[in-house]
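Trainee: Could you walk me through this one? I'd like to start with a helix.

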Amino acid sequence: MIGQDVAVIVPAPDPREVREASLEELARLRLPLPPPQFPLVWEPGDDIELRPTAEIEARIAVLHLILARCFGMPPQAAMSWLLASHLVEMVTPPEFQFVTGAKGDHRSFVLHHDALFSLAWVLGLTKQLDPTMPTDDRLVERLPHIPEGETFRQWRSRILAAPQHPADAAALLDLHYCLDWSYLAVSRAGRTLPGLVDANAIGQRRWALEWAVILRGPYHDEPPGWEEVDLST
């Protein structure tokens with residue numbers, strides 16, 4: 001089992017002020033703005049927290065292993081690493097099928113590179129999550145050195161996770177909620193995007209933030225599992 005941290009629950013910032021800042025960023029990037037009825041991510045009076053650090057670290061490690069499989073790591077070596085790291089229970093059923101038998105959409109698993117990058121930002125392993133810039137080339141040094149046999153426990157003791165404040169992570173979630181709409185609109189229109197990141201990458205980053213940021217309030221369900229994150233709106 002992965003140890004659990006003490007949750008830090010804080011009042012959510014004013015969703016309208018956060019949305020105004022998100023729309024200002026879209027305007028700065030010369031992106032189309034969502035319609036006026038575009039829903040807020042949370043309501044006034046809600047609370048927010050981040051998933052436990054150890055749980056986010058485990059998700060990063062699993063995604064990193066998935067990417068290693070995408071680029072040629074043998075299934076036996078991947079399973080050996082998961083077993084040595086006591087992470088088998090943290091792998092979702094679709095991921096397990098891919099790790100053990102390469103079943104599933106290889107391209108969709110490769111895209112998780114940006115979800116991993118987003119989670120690394122949540123834990124302070126990378127300093128920025130710029131929607132116009134690709135993933136940090138130096139990030140790989142801050143991830144488990146799987147080919148060298150570094151286990152999950154060894155990696156956790158090597159890094160110094162410094163999780164973002166929940167309000168900052170929630171604000172970035174709202175921005176990516178809006179960016180996801182805008183990037184898809186630009187892509188459908190055949191227009192040029194503002195940087196080196198495409199709509200798929202933005203969607204992956206939003207996926208990770210939707211999973212990592214837990215919203216508490218009368219209109220929120222229990223936090224979703226990794227495969228249960230809803231990106232349909």
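**Helix H8 and its surroundings**

Mentor: Helix H8 has 17 of its 24 residues buried (under 20% relative accessible area with a 1.4 Å probe, protein chains only), so H8 is largely enclosed by the rest of the structure. This is a predicted model, where local features need pLDDT of at least 70, side-chain atom pairs count only at pLDDT 80 or more, and totals for chains, interfaces and linings use all residues. Residues are numbered from 1 along each chain as its sequence is written, and side-chain values use heavy atoms, with hydrogens and water left out.

Trainee: Okay, how far does H8 reach from its first C-alpha to its last?

Mentor: H8 covers residues 166-189 and reaches 35 Å. That's close to the expected 34 Å, which is 1.5 Å times one less than its number of residues.

Trainee: And what comes just after H8?

Mentor: Gly 190, with a positive phi of about 70°.

Trainee: Switching topic: how many helices and strands does the chain have?

Mentor: There are 9 helices and 3 strands; these are DSSP runs, H or I of at least four residues for helices and E of at least two for strands, numbered from the N terminus. In sequence order the pattern is β-α-β-α-α-α-α-α-α-α-α-β.

Trainee: What share of the whole chain is buried?

Mentor: 49% of the 233 residues.

Trainee: And what about contacts?

Mentor: Counting contacts (heavy atoms within 4.5 Å) between residues at least 6 apart in sequence, 75% join residues at least 24 apart.

Terms used
Buried means under 20% relative accessible area, exposed over 50%, partly exposed in between (1.4 Å probe, protein chains only).
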